[in-house]
Amino acid sequence: MPSKAYWKFAVKVFFLSIGFNIIISFEPWYVGLLFKGSVRQKTDDRLAVSGTEYPEGELLWCTLSDRSWGRVCKFRNLCYMHINGEFALFHGNTAKTGHEQDAQLLGNRLVRDIVSLTSALGAEFPFNLAHILIYNIVPGKLKYFNYRSGSYHLFHAFNVGNTAHAIHDDLLPVFYTLSRYDNLTEEPTSTLIYWREISLNKLMGLYQLFSQGKPISRNDLTFEPEESLTCFQDIIVGLSSETLWYQWGLPGFEPEGALKGSNATSSHIAKFTGFVRKRMGLPLRCLIANDYGIIFIRKKTRLILNEEKLSEVLSKTLQLEMRELSLEKNTIKEIIKTVSCAKVVVGLHGAMMIFSIFLPPSSFVLELYPYAINPLNFTPYKTAVELSGMDIEYRAWRNMNRSNTVTHPTEALHRGGISHLSKKEQERITNLTEIRPHQCCQHPEVQFRLYQDTLIDIPSVVNILTNTQFYKNRNGKFGT
């Protein structure tokens with residue numbers, strides 16, 4: 001029997017579809033609801049009101065899901081009204097003529113939360129859709145019309161300043177969504193609309209790989225005059241949740257951890273990383289002579305205080321060259337190119353560890369955790385490299401010595417600062433020996449320990465390395 005949430009969604013689309021004919025469409029790879037106007041129009045059809053022409057909109061289909069999170073819908077002639085920041089479908093009604101001078105700009109229907117614009121479980125970025133009858137538009141309210149032909153993909157970039165979130169929450173879902181519903185193969189088929197006001201900064205190049213044109217931000221639309229109407233010819237809204245493996249402990253959910261019931265596998269990762277490398281013009285095969293490892297470092301925060309000595313010991317123990325990579329010094333392309341042929345990745349827990357998904361099979365990852373951070377409670381990268389079929393060996397090292405750490409209490413909260421708190425609270429946080437499982441986001445006690453610098457206890461790292469299958473294989477000691 002369909003769930004309660006399913007019927008709730010069914011009621012929503014019923015109200016949206018009044019005035020439309022509902023047709024059930026069966027396809028080999030999905031079953032969707034197809035909404036069509038009572039008269040099939042061409043792309044360039046317009047509905048004229050007081051001398052102004054508006055494109056008639058259609059909700060073409062939505063994936064069948066009992067929740068807005070993970071649902072994907074496709075629209076024809078979806079319009080953005082700058083006057084109130086709402087998206088809308090304009091619909092004509094031949095049974096009514098003219099228009100009402102005193103009608104409100106928004107018509108008599110607003111369907112809320114039909115789609116979640118983000119893949120992050122628990123994030124509140126709903127897509128609300130107004131269903132507007134043309135005769136309800138107030139003359140003069142919409143003076144400027146901008147029609148964007150072609151295909152688009154609208155989603156909410158969850159955390160554009162964080163590489164791990166960009167890949168896990170945005171780009172992997174974008175890739176899978178467009179591959180499944182927009183025939184994405186070797187070249188981008190749609191222009192991305194990431195519904196955020198802020199810039200993609202250094203990560204813009206990554207998003208551009210999946211976009212036919214320059215990615216569009218919310219700011220690119222809000223700079224238009226208030227009386228503007230911008231319409232998109234064909235647009236997919238929402239993100240598939242098929243590739244997710246982690247949930248970030250957002251309010252209303254369990255503390256962060258591996259996503260229960262995840263369908264993500266090495267196949268999803270391999271198709272994504274292969275697409276990225278090809279779009280970047282990187283070789284898909286590695287030279288046999290390549291025999292090196294990588295140590296991820298930071299130049300400003302979360303420092304490895306003895307990184308040179310650590311790199312030297314890693315090189316000697318594993319009998320390979322160790323190369324340093326950092327987001328401050330290297331480009332995203334350089335990082336992906338180097339990781340794609342590496343044998344080993346070592347780094348402190350942080351966003352750069354997401355690049356471990358580009359490692360080839362039979363490689364090894366060592367994640368370093370600072371003092372009071374339990375590796376069992378912060379596992380996005382462990383979960384990724386241990387997905388079914390990845391064939392990457394993973395180990396974690398944890399600093400158990402408080403004296404081997406340098407904290408930064410006077411920094412801003414997002415960089416580990418706690419000086420804004422009461423003396424009692426500062427003392428409590430400082431004395432914690434382990435951060436309890438937590439929910440997102442920016443808890444002072446979590447930030448305080450995540451952003452500390454660490455002096456690595458090298459003998460304990462060597463002990464971990466020499467007990468791995470990777471080490472035994474390199475030294476000809478194959479275990480059973």
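In this predicted model, helix H2 (residues 163-181) packs against helix H5 (residues 266-280) at an angle of about 85°, and their axes lie 10 Å apart. Two packed helices are described by exactly this pair of values, the angle between their axes and the distance between the axes. Because angles of 65 to 115 degrees count as roughly perpendicular, H2 and H5 are roughly perpendicular to each other. On the H2 side, the contact is made by Ile 167, Leu 171, Leu 172, Phe 175 and Tyr 176. Their counterparts in H5 are His 268, Ile 269, Lys 271, Phe 272 and Phe 275. Sorted by class, the contact of H2 with H5 comprises eight nonpolar residues, one polar residue and one charged residue.

A short walk beyond H2 leads to Asn 183, which sits in the loop between H2 and strand S11 (191-194). The backbone is worth a look here: phi of Asn 183 is near 60°, a positive value in a residue other than glycine. Asn 183 counts as exposed, with a relative accessibility of 62%. A positive phi also turns up at Ala 372, where the angle is about 75° although the residue is not a glycine. Ala 372 belongs to the loop between S19 and H8. In contrast to the exposed Asn 183, Ala 372 is buried, and its relative accessible area is 1%.

Helix H8 (residues 380-385), at the other end of that loop, contains Thr 383. This threonine has a relative accessible area of 16%, and it is therefore buried, since the cut-off for that class is under 20%. Leaving aside residues up to four places away in sequence, Thr 383 touches Trp 245, Tyr 246 and Ala 258.

Attention now turns to helix H11 (residues 458-465), whose buried residues are Ile 458, Val 461, Ile 464 and Leu 465. These four cover an arc of only 115° around the axis, and so they fall on the same side of H11. The general geometry of helices helps in reading this pattern: an α-helix has 3.6 residues a turn, so residues three or four places apart point the same way. The cover over the buried residues of H11 includes helix H6 (307-318) and helix H12 (469-474). Two strands also contribute to that cover, namely S19 (363-369) and S20 (392-398).

Thr 468 lies in the loop between H11 and H12. With a relative accessible area of 1%, Thr 468 is buried. Among residues further than four places away in sequence, Thr 468 touches Phe 364, Glu 393 and Arg 395. Thr 468 and Glu 393 are 75 residues apart along the chain, and their C-alpha atoms are separated by 8.1 Å.

These local views can be set against the chain as a whole. The protein chain has 12 helices and 22 strands. Of its 480 residues, 54% are buried. Contacts across the sequence are well represented: among contacts with a separation of 6 or more, 70% link residues 24 or more positions apart. The chain exposes about 21,700 Å², and carbon and sulfur atoms supply 51% of that area.

How values were computed
Residues numbered from 1 in each chain as written. Predicted model: local features only at pLDDT ≥ 70, side-chain atom pairs only at ≥ 80, totals over all residues. Heavy atoms only, no water. Axes fitted to C-alpha atoms, helices over the stretch in contact; angles between N-to-C directions. Parallel < 35°, antiparallel > 145°, perpendicular 65-115°, else oblique. Contact = heavy atoms within 4.5 Å. Nonpolar A, V, L, I, M, F, W, Y, C, P; charged D, E, K, R; others polar. Buried < 20%, exposed > 50% of the residue type's maximum accessible area, 1.4 Å probe, protein only. Arc of directions from axis to C-beta. Areas by Shrake-Rupley, 256 points an atom, 1.4 Å probe, with all protein chains shown as cover.
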